[in-house]
Amino acid sequence: MTQALPLGLVILAAVLLLALTFIKRKSPPAFREIAALARLKKAAGLAVEDGTRLHVSLGRGGLVSPRGAASLSALALLRQIGEQTSISDRPPVATSGDPVLAALSQDTLQAACQSAGVDELFQPTSGRLGGLTPFSYAAGAMTVARQEQVSTDVLMGDFGAEVGLLTEASERENSTLIAATSEPSAQAILFASAAEPLVGEELFAAPAYIGNDPAQRASLQAQDILRWLVILALLAAAGMKMVGLI
Amino acid sequence: MKRSPVAAAIAISVGLIILLGTFVPIPLFAAVRLELVQWAAILAGVAVLVGIGNLFSVHYQKVRRREKGWFYSLTLLFAMLATLLAGVIFGPTGAWMQAALETIIFPVEASLMALLSVTLLYAGIRLLRRRADWMSALFLGTVALALLASVSLPVIGEIPVLSDWISPWLTYGLAAGGARGLVLGVALGALTTGLRALFALDRPYGGK
């Protein structure tokens with residue numbers, strides 16, 4: 001019984017995701033406006049035009065840890081950003097605090113360059129390991145924000161308190177800052193230090209807003225449906241508890 | 001580099017075996033799952049070496065091209081090689097390595113932590129200037145109350161009503177409820193993201 005509920009949730013999510021991905025629709029689904037993501041889209045276009053760089057910081061959530069989902073979402077966003085800005089004179093740079101994530105960021109940026117038809121512009125050093133401890137990673141990522149003509153810093157993934165240092169570095173350089181994390185304590189820091197912080201699950205919505213991938217959109221719709229189901233279940237459980245049924 | 005169907009097939013099969021090993025109580029699945037997770041741990045260990053190689057390469061090229069901040073990169077390369085040498089010669093528990101940890105790495109991390117607390121205080125002060133709305137005011141008010149409740153003030157000590165009533169209500173009632181809401185949303189996002197990778201709709205392992 002204890003395993004049946006999570007298994008049921010996984011199966012339901014899988015069915016929703018696959019159905020919403022492959023069902024042909026006349027028009028794409030409409031999502032609410034998220035100001036920070038609209039700004040990111042604009043910043044990506046501007047970076048290509050004025051020859052500046054986007055710095056994507058992917059956090060330090062290892063894929064072999066429970067925080068890997070935030071990193072996977074950040075990689076999906078990196079792919080979208082990479083495809084849109086690889087043709088720039090200064091292609092995007094990705095920093096991460098986990099070596100596996102650093103290797104995947106290189107691979108993702110290379111795939112983005114190939115997808116954009118500019119294989120020759122890929123630089124292996126564009127996907128980097130910032131450092132292996134939280135603060136050494138922050139120090140490494142701050143250096144990129146300061147020294148490499150960065151116009152927009154995108155902090156997406158699993159961060160801890162060190163994200164405060166990254167937002168400060170970005171602010172000092174007058175860069176556009178878009179930040180989201182899966183960790184609640186780091187979200188509180190971002191709320192205080194970023195102009196337009198993304199809260200909670202908005203981290204997982206970012207790839208759907210930036211690109212046109214039907215799977216990303218389906219994923220966002222599946223999340224919305226599941227969220228409503230969770231809300232209804234919570235309300236039903238509270239009601240049943242009140243009348244003494246459970 | 002086109003998307004390899006073999007890579008996708010391996011990723012999907014491994015993902016399904018891990019998922020089945022978690023939910024279905026069949027010993028074979030659990031054993032295979034354990035073995036695969038151990039392989040992943042070994043690969044993650046190797047990835048640390050590759051990552052350090054990447055860090056070295058990035059900073060070496062900065063020094064070679066005399067890019068902005070190259071001197072810091074040179075310092076990093078020197079420190080990296082010196083630590084590696086000391087580790088190989090004296091071992092990870094040797095006196096030199098312990099000295100490096102206790103006199104350089106720990107103090108530097110502690111300094112960054114101290115810097116972070118000042119940075120956060122400054123960010124809190126600037127918050128109302130940046131976003132003067134009721135959410136910011138509520139955030140700062142809550143932070144101030146939580147801080148006041150957690151410290152012992154000179155002469156009066158702990159503030160009675162704040163420490164005994166208001167702070168626990170804020171921390172274990174409102175804040176914990178809000179955090180649970182955030183975590184539920186994040187968990188649903190993590191679930192669909194994981195499933196996208198499992199069905200190869202997202203392929204973080206490269207290819208067009």
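**Close-up views of a two-chain predicted model**

**View 1. Val155(B) in the loop between helix H5 (134-150) and H6 of chain B.** The model is predicted, and this view is centred on a residue with a positive phi, near 70 degrees, although Val155(B) is not a glycine. Val155(B) counts as exposed because it has 4 C-beta neighbours inside 10 Å, and the cut-off for an exposed residue is 12 or fewer.

**View 2. Ala200(B) in the segment after H6 of chain B.** Ala200(B) also departs from a negative phi: its value is positive, near 60 degrees, in a residue other than glycine. Is Ala200(B) buried, exposed or partly exposed? With 17 C-beta neighbours inside 10 Å, Ala200(B) counts as partly exposed, since a residue is buried at 20 or more such neighbours and exposed at 12 or fewer.

**View 3. The domains of chain B and the confidence along its helices.** The domain assignment divides chain B into domain 1 (1-90), domain 2 (91-130) and domain 3 (133-201). The C-alpha centres of domain 2 of chain B and domain 3 of chain B are 24 Å apart. Chain B has an average pLDDT of 87, and 97% of the residues score at least 70. Within chain B, confidence is lowest in helix H1 (residues 5-23), with a mean of 84, and highest in helix H3 (residues 70-90), at 91. For the model, ipTM is 0.89 and pTM is 0.90.

**View 4. The contact between chain A and chain B.** Chain A contributes 57 residues to the contact and chain B contributes 51 residues. On the side of chain B that touches chain A, the elements giving two or more residues are helix H2 (27-64), helix H4 (95-130) and helix H6 (160-198) of chain B. Of these, H6(B) gives the most, with 16 residues. By class, this side of chain B holds 31 nonpolar, 14 polar and 6 charged residues.

**View 5. Leu116(B) in helix H4 of chain B.** Leu116(B) is buried because 20 other C-beta atoms lie within 10 Å, and the cut-off for a buried residue is 20 or more. Which residues does Leu116(B) touch, not counting residues up to four places away in sequence? They are Ala161(A), Glu162(A), Gly164(A) and Leu165(A). Among these, Gly164(A) and Leu165(A) are buried residues of H6(A), the helix shown in the next view.

**View 6. Helix H6 (residues 163-172) of chain A and its surroundings.** Why is H6(A) largely enclosed by the rest of the structure? The reason is that 9 of the 10 residues of this helix are buried. They are Val163(A), Gly164(A), Leu165(A), Leu166(A), Thr167(A), Glu168(A), Ala169(A), Ser170(A) and Glu171(A). In chain A, these buried residues pack against E1, helix H5 (134-147), strand E4 (150-158), strand E5 (176-181) and helix H7 (184-193). They also pack against H4 of chain B. Following H6(A) is Asn174(A), with a positive phi near 55 degrees.

**View 7. Strand E2 (residues 93-96) of chain A and its two strand partners.** In a regular strand the side chains alternate between the two faces of the sheet. In E2(A), Val93(A) and Thr95(A) point one way, while Ala94(A) and Ser96(A) point the other way, and all are buried. Strand E1 (residues 53-59) of chain A pairs with E2(A) in the parallel sense over 3 bridges; here Val93(A) is the bridge partner of His55(A). E2(A) also pairs with strand E3 (residues 127-129) of chain A in the parallel sense, over 3 bridges, and Ala94(A) stands opposite Gly127(A) in E3(A). Two right-handed β-α-β units involve E2(A): one is made by E1(A), helix H3 (residues 68-85) of chain A and E2(A), and another by E2(A), helix H4 (residues 99-115) of chain A and E3(A).

**View 8. Gly82(A) in helix H3 of chain A.** Gly82(A) is buried because 29 other C-beta atoms lie within 10 Å, where 20 or more are needed. Leaving aside its neighbours within four places in sequence, Gly82(A) is in contact with Pro92(A), Thr108(A), Leu109(A), Ala112(A) and Cys113(A). The C-alpha atoms of Gly82(A) and Ala103(A) are separated by 15 Å, and the two residues are 21 residues apart along the chain.

Conventions
Residues numbered from 1 in each chain as written. Chains lettered and ligands numbered in written order. Predicted model: local features only at pLDDT ≥ 70, side-chain atom pairs only at ≥ 80, totals over all residues. Contact = placed C-beta atoms within 7 Å. Helix = DSSP H or I, 4+ residues; strand = E, 2+ residues; numbered from the N terminus. Nonpolar A, V, L, I, M, F, W, Y, C, P; charged D, E, K, R; others polar. Domains from an automatic or database assignment. pLDDT = per-residue confidence, 0-100. Pairing = 2+ DSSP bridges. Right-handed = clockwise from strand over helix to strand, strands pointing away.
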